[in-house]
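Student: Hi! I've just loaded a new model and would love to walk through it with you. Can we take it piece by piece?

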2 protein chains.
Amino acid sequence: MSEVRNNITISDVAEALGISKTTVSRAISGNGRIGEETRQKVLTYIKENNYKPNPMAQGLATQRTYNIGWVAPGDSSMAELPFFQRCMSGVCEIATTMNYDVLISLVSEGNVTHLKRIVENKKVDGVIMGRTLVDDKAVKYLKKSGIPFVVIGSTHEKKVIQIDNDHVNACREITSILILKGIKKPALIGGHLIHVVNESRLKGYKEGLESQGLPVNPELLYLNNVSERDICKSVDSAIAAGTDCLICMDDGICNIALNKLRKDGISVPGDVKVASFYNSEIQANHQPAVTTLQYDPKELGNVACRTLFKVLDGEKVPEKTLLGYEVLLKGSTF
Amino acid sequence: MSEVRNNITISDVAEALGISKTTVSRAISGNGRIGEETRQKVLTYIKENNYKPNPMAQGLATQRTYNIGWVAPGDSSMAELPFFQRCMSGVCEIATTMNYDVLISLVSEGNVTHLKRIVENKKVDGVIMGRTLVDDKAVKYLKKSGIPFVVIGSTHEKKVIQIDNDHVNACREITSILILKGIKKPALIGGHLIHVVNESRLKGYKEGLESQGLPVNPELLYLNNVSERDICKSVDSAIAAGTDCLICMDDGICNIALNKLRKDGISVPGDVKVASFYNSEIQANHQPAVTTLQYDPKELGNVACRTLFKVLDGEKVPEKTLLGYEVLLKGSTF
DNA sequence: TTGAAAGCGCTAACAC
DNA sequence: GTGTTAGCGCTTTCAA
């Protein structure tokens with residue numbers, strides 16, 4: 001029945017071939033000198049007999065687990081964003097090619113107990129954080145622990161390897177473009193600033209205004225919107241302040257804003273234009289489609305994972321790696 | 001720096017306390033007889049000195065990994081459904097309480113190589129499958145491998161532990177209710193029947209009709225819709241056939257159908273009523289809200305994980321566990 | 001180029 | 001109730 005789960009050990013291989021375990025081990029790992037002939041003999045034998053080294057034993061001997069930890073947000077509202085799924089899938093993809101597996105750690109609201117456990121229990125060789133908050137307990141813990149780790153996103157914490165999209169430039173660019181296309185009073189409907197990414201987006205927005213000679217008008221700046229109610233209120237105020245374009249800081253905000261406008265009978269782009277700093281399916285399917293920034297989360301996961309492996313190999317890596325973006329101009333700003 | 005990662009071993013503890021490793025081991029595991037006094041002594045010592053057994057060594061000695069595998073769909077369209085996130089979070093929750101961790105395995109379209117690897121490499125003690133197809137390669141492999149596993153969803157495969165919602169009864173009930181509320185020609189816009197759940201939903205729909213003395217009208221039955229185009233065509237045909245209520249097999253279909261109706265200027269529930277066999281945020285936020293079935297995916301994950309642990313402990317478990325549902329009657333069918 | 005032997009940290013007979 | 005001992009399956013000095 002369980003013929004697929006192999007139970008043949010390195011000793012079996014050694015015995016069958018009339019050589020020592022050491023030699024078999026060397027043939028497999030490539031460490032140490034070994035005759036090409038014996039090497040081939042071993043390699044073919046283990047292939048034919050489907051021998052797989054036991055990772056527990058390997059791990060015990062070498063102090064490696066062949067696992068990396070993936071830290072995802074535990075609070076459902078965040079966790080369900082396709083962004084994290086795609087990142088994770090990018091991480092898994094690379095991990096697999098390196099013969100590593102990915103262990104999940106759900107961290108909600110600063111509760112790092114699980115993360116702590118997998119680190120202290122030595123269940124992972126390194127960790128990738130799916131997101132970062134401005135004051136991130138998990139990052140602080142990881143730094144203190146000494147385990148190699150990489151974060152997706154940005155942090156103010158020093159000496160942390162970060163992989164992120166170039167949000168500041170992306171947001172600056174899309175803001176400038178909108179202004180060049182004739183927008184006079186772009187209003188920003190922003191999310192909570194505990195997310196570093198929102199800080200960056202805010203910065204990009206401001207730089208965009210500045211680059212086009214526009215002031216940062218407090219009447220057009222609505223930050224820290226969390227609930228649907230917050231957003232609706234901000235939209236009302238922005239409209240009252242005479243905005244000609246609502247720039248939403250992310251897709252969630254954008255969808256709520258869009259619904260709100262429709263409910264109020266305000267037409268897009270007729271009465272007011274709409275753009276978003278982050279893309280999602282829903283916006284792409286919206287009529288008219290929404291002008292937005294586009295990133296590649298899976299690539300983010302890929303790069304984060306590759307970077308972590310470099311760190312594990314003792315290679316030097318840049319503290320910050322910025323990935324690209326695309327500006328998608330659509331009907332919502334025509 | 002890495003003061004948090006402990007490196008103290010069972011021998012250190014034994015030596016410090018002037019007792020043997022065995023005794024320490026016993027104090028921790030609770031296996032074998034041990035004096036209450038020594039037990040306490042050990043327990044306090046390891047707590048104070050933050051000793052953690054090395055799982056690799058434990059694993060090597062006991063042949064357990066303290067990991068379970070979570071098999072999620074690798075194709076993004078599926079993977080991003082909140083359903084899987086919530087299930088996974090339910091699984092992690094229980095696993096954590098049992099001192100287990102969760103290893104991810106992404107399986108796309110019958111490609112079981114990664115799953116195979118984690119099983120053959122003995123990186124997990126058991127596996128939970130996040131979904132099942134009608135002819136599921138992964139399930140077949142797992143059966144053959146002999147590793148304990150549990151599937152979320154249903155399968156036709158024999159001797160497989162399944163945890164599922166009671167889709168047949170749920171769909172029968174909502175269909176009956178709609179008919180009792182006056183619907184005469186409910187049309188089913190169905191998804192692909194490679195998903196066992198869709199078979200069950202179809203079955204429930206038919207039973208619902210039957211229970212109210214209505215025939216299964218082929219003109220009102222649209223199955224195997226995959227693309228947006230499929231769905232739109234089906235909606236057109238159903239409307240042309242004079243349906244008075246579109247029943248969508250899942251939330252994805254429902255959203256597309258809703259958009260389509262709006263675009264065509266067909267009002268809900270005025271011109272046609274709409275219901276769905278699966279709930280999602282978007283439908284809850286739709287105006288009017290959509291009548292739908294509601295399940296609890298996290299609970300599904302909880303139960304699946306608890307069941308797997310029973311299997312691992314050698315306990316007998318039912319081959320099929322069915323969880324409940326709720327019918328949410330909303331404005332879309334008034 | 002190959003092998004013997006020690007050891008990674010823990011568990012589990014089996015003695016005492 | 002506690003200790004001795006022999007592994008679990010692999011890597012890695014150190015010799016040969």
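Student: Which helices each supply at least two residues of the surface near DNA strand D?

Tutor: Happy to help, and one caution as we start: this is a predicted model. Helices H2 and H4 of chain A, along with H2 and H4 of chain B, each give at least two residues to the surface near DNA strand D.

Student: And which residues are closest to DNA strand D?

Tutor: There are 28 residues around that strand, and the closest are A:Ile10, A:Ser25, A:Ala57, B:Arg33 and B:Gly35. By class, the surface near DNA strand D holds ten nonpolar, 15 polar and three charged residues.

Student: OK, now the other DNA strand. Which residues come nearest to DNA strand C?

Tutor: DNA strand C has 26 residues around it, and A:Arg33, A:Gly35, B:Ile10, B:Ala57 and B:Ala61 come nearest. The surface near DNA strand C divides into nine nonpolar, 14 polar and three charged residues.

Student: Which element gives the most to the surface near DNA strand C?

Tutor: That is H4(B), with five residues. H2 and H4 of chain A and H2 of chain B also supply at least two residues each.

Student: Let's switch to the two protein chains. How many residues does each chain bring to the contact?

Tutor: Chain A brings 40 residues and chain B brings 40 residues. On the chain B side, H6(B) has the largest share, six residues. By class, the side of chain B that touches chain A has 16 nonpolar, 15 polar and nine charged residues.

Student: Which elements of chain B each supply at least two residues there?

Tutor: Helices H4 (55–62), H5 (76–79), H6 (82–97), H7 (113–120) and H8 (137–145), plus strand S2 (101–107), all of chain B.

Student: And how do S2 of chain A and S2(B) pair?

Tutor: S2(A), residues 101–107, and S2(B) run antiparallel, with three bridges between them. In that pairing, A:Val102 sits opposite B:Ile104.

Student: What turn and shift lay chain B on chain A?

Tutor: A turn of 180 degrees with a shift of 0.0 Å along the axis does it, and the RMSD is 0.2 Å. That is the relation of a two-fold axis. As for the surfaces used, 98% of the contact residues of chain B recur in chain A, so the same surface serves both copies.

Student: Which residue of chain B comes closest to the rotation axis?

Tutor: B:Leu103, whose C-alpha is at 2.3 Å from the axis.

Student: Nice. Back to single-chain packing: at what angle do H2(A) and H3(A) cross?

Tutor: H2 (residues 21–29) and H3 (residues 36–48) of chain A cross at roughly 85 degrees, and their axes come within 9 Å. The two helices are therefore roughly perpendicular to each other.

Student: Which residues make that contact?

Tutor: H2(A) contributes A:Thr23, A:Val24 and A:Ala27, while H3(A) contributes A:Thr38, A:Arg39, A:Val42 and A:Leu43. By class they are four nonpolar, two polar and one charged.

Student: Changing topic again: what is the strand order in the six-stranded open sheet of chain A?

Tutor: The order is S7-S6-S8-S9-S10-S12, and the pairing is mixed. Strands S7 (221–222) and S12 (326–328) stand at the edges with a single partner strand each, so one side of each has no neighbour in the sheet.

Student: Which helix packs on the sheet at S6, S7 and S8 of chain A?

Tutor: H11(A), residues 228–240, touches those strands, and its direction makes about 165 degrees with that of S6(A).

Student: How many bridges join S8 to S9 in chain A?

Tutor: Four, between S8 (residues 245–248) and S9 (residues 273–276), which run parallel. One of the bridge pairs is A:Cys248 with A:Ser276.

Student: Last thing, backbone oddities. Where is there a cis peptide bond in chain A?

Tutor: Between A:Val268 and A:Pro269, with omega about 5 degrees. A:Pro269 lies in the loop between H12 and S9 of chain A. In chain B, the bond from B:Gln287 to B:Pro288 is cis, with omega near -10 degrees.

Student: And what is phi of A:Lys122?

Tutor: Near 55 degrees, a positive value in a residue other than glycine. A:Lys122 is in the loop between H7 and S3 of chain A.

Definitions and conventions:
Residues numbered from 1 in each chain as written. Chains lettered and ligands numbered in written order. Predicted model: local features only at pLDDT ≥ 70, side-chain atom pairs only at ≥ 80, totals over all residues. Pairing = 2+ DSSP bridges. Contact = placed C-beta atoms within 7 Å. Axes fitted to C-alpha atoms, helices over the stretch in contact; angles between N-to-C directions. Parallel < 35°, antiparallel > 145°, perpendicular 65-115°, else oblique. Nonpolar A, V, L, I, M, F, W, Y, C, P; charged D, E, K, R; others polar. Near = placed C-beta within 6 Å. Least-squares fit on C-alpha atoms with pLDDT ≥ 70 in both.
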